[in-house]
Amino acid sequence: MEAQALNDFTPEVARAIFKQVGLDFDAAEDLQGFENFVYGVGDSVVRITHHSHRSPEQVLCELEFVGHLAKEGASVAAPLTLPDGELVGHEGNFVFARFQKSPGVAGYSEPFSDSLIREWGRCIGEFHRLAAGFKPAYPRYSWLEDENHDFEARIPGQATILEIAADLKTRLLALPKSPDVYGLIHGDAHAGNFFVDDGRLTFFDFDDVSYSWFGYDVATILFGVVLQPWVTPGEEVAAAEKFLVTFLEGYSRENDTAALMLPSFPDLLKLRELSLYAVIHLHMDVENIEDDFAARFMDGRRKRLEGGVPYLDMGFG
């Protein structure tokens, strides 16, 4: 989280926000948000976003999209109106919103079952089907404008990697952007961003919504699957192949898998790899990483990136 956001989020600001939301701040549980302040209170989740991270209009677009998915029956944590009838509120340099609390438990606490993977795929296919052609009233940025893809600002001085990133962006810009393959995506639909309740998945944290390829949504999921602690080193490709086959079985129940442009996955995976690499450089001391997940990812990562090693050396059809 940006230092300015931490400085601006005083106890007085927090209490003023919760007063507007109509909930008791003293009863709130800090859910340890990474780029937002997130609290759970009863059957609600309150998310507080600094203007340096998202503009009010961008937040409204996100809520409009999630509301559209919820209205059409997709399994998402729907936004709730505030006491004044609005979807967002304002306090100082912050915009805040309230969401339904998702039932169940996190989906990443154990190896993924085939039934969970299949349902995961079905849900993402449904999101993409409902996103195709959806036109919100408020603006949202594209993948190219995403601050996580501003590699020049986040990893300056790494000339070889920056050249690789520039070439990658050139190839991606040549990909089609028709409504059947490109639109608003979740952008971070890993297993930490849905809860499982008796086989039903409920997705939340659409903070990374952007205009991008539907395939990137799935590539980001596959990217994280092989970093799970139960995947044995050296078995990443086998784990990815098994996961993808089952995931696509579920996806195809809601949307044509042609929407994912599977042959483009090597480049979409590389974009995610570079993105996480840059995020870690921005937010962590890369010489002394304490987070286990980040440490595993960064082990030998610069050498792999500079050497042009594919994130997953496998065929994608």
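The following questions and answers examine how terms are applied to a predicted model.

This is a predicted model in which local features need pLDDT of at least 70 and side-chain atom pairs count only at pLDDT 80 or more, while totals for chains, interfaces and linings use all residues. Residues are numbered from 1 along each chain as its sequence is written, and side-chain values use heavy atoms, with hydrogens and water left out.

Q: Why is Phe316 called buried?
A: Buried means under 20% relative accessible area, exposed means over 50%, and partly exposed lies in between, with a 1.4 Å probe and protein chains only. Phe316 has a relative accessibility of 7% and therefore counts as buried. Phe316 is located in the segment after α11.

Q: What makes Leu222 a contact of Phe316?
A: Contact means heavy atoms within 4.5 Å. Not counting residues up to four places away in sequence, Phe316 touches Leu222, Leu244, Leu262, Pro263, Phe265, Pro266 and Leu269. The C-alpha atoms of Phe316 and Ser264 are 8.0 Å apart in space, with the two positions 52 residues apart in sequence numbering.

Q: Why is Gly89 called buried?
A: The relative accessibility of Gly89 is 5%, so this residue counts as buried. Gly89 belongs to strand β5. Leaving aside neighbours within four places in sequence, Gly89 is in contact with Leu82, Phe94, Val95 and Phe96. Gly89 and Pro56 are 33 residues apart in sequence, and their C-alpha atoms are 9.0 Å apart.

Q: Why is Gln32 called exposed, and what is notable about its phi?
A: Gln32 counts as exposed because its relative accessibility is 62%. Its phi is positive, at about 60°, although Gln32 is not a glycine. Most residues other than glycine have a negative phi. Gln32 is found in the loop between β1 (29–30) and β2 (37–41).

Q: Why is Asp205 called partly exposed?
A: Asp205 has a relative accessible area of 35% and is therefore partly exposed. Asp205 lies in the loop between β10 and β11 (210–213). Asp205 is not a glycine, yet its phi is positive, at about 55°.

Q: How do you know that β2 and β3 pair?
A: Helices (H or I, at least four residues) and strands (E, at least two) are DSSP runs, numbered from the N terminus. Two strands pair if DSSP finds at least two bridges between them. β2 and β3 have 5 bridges in the antiparallel sense, and therefore they meet the criterion of at least two. Val41 stands opposite Ser44 in β3. The hairpin of these strands has 2 residues between them, and Gly42 there takes a positive phi near 60°.

Q: What makes β3 and β6 a pair?
A: β3 and β6 are joined in the antiparallel sense over 7 bridges, so the requirement of at least two is satisfied. Thr49 of β3 stands opposite Val95 in β6.

Q: Why is β3 called mostly covered?
A: In β3, 7 of its 7 residues are buried. Ser44, Val46, Ile48 and His50 point one way, Val45, Arg47 and Thr49 point the other way, and all are buried.

Q: How do you know that β7 and β10 are edge strands?
A: The open sheet of 3 strands has the order β7-β9-β10, with antiparallel pairing. β7 (105–106) and β10 (200–203) are its edge strands, as each pairs on one side only. Between β7 and β9 (residues 194–197) there are 2 bridges, so these strands meet the criterion of at least two. The bridge partner of Ala106 in β9 is Phe195.

Q: How do you know that the span of α3 is close to the expected one?
A: The expected span of a helix is 1.5 Å times one less than its number of residues. Helix α3 (residues 56–71) has 16 residues and reaches 22 Å from its first C-alpha to its last, close to the 22 Å expected. Its buried residues, including Val59, Leu63 and Phe65, pack against β3, β4 (79–80), β5 (88–91), β6 (94–100), α4 and β8 (182–185). α3 is followed by Gly73, whose phi is positive, near 95°.
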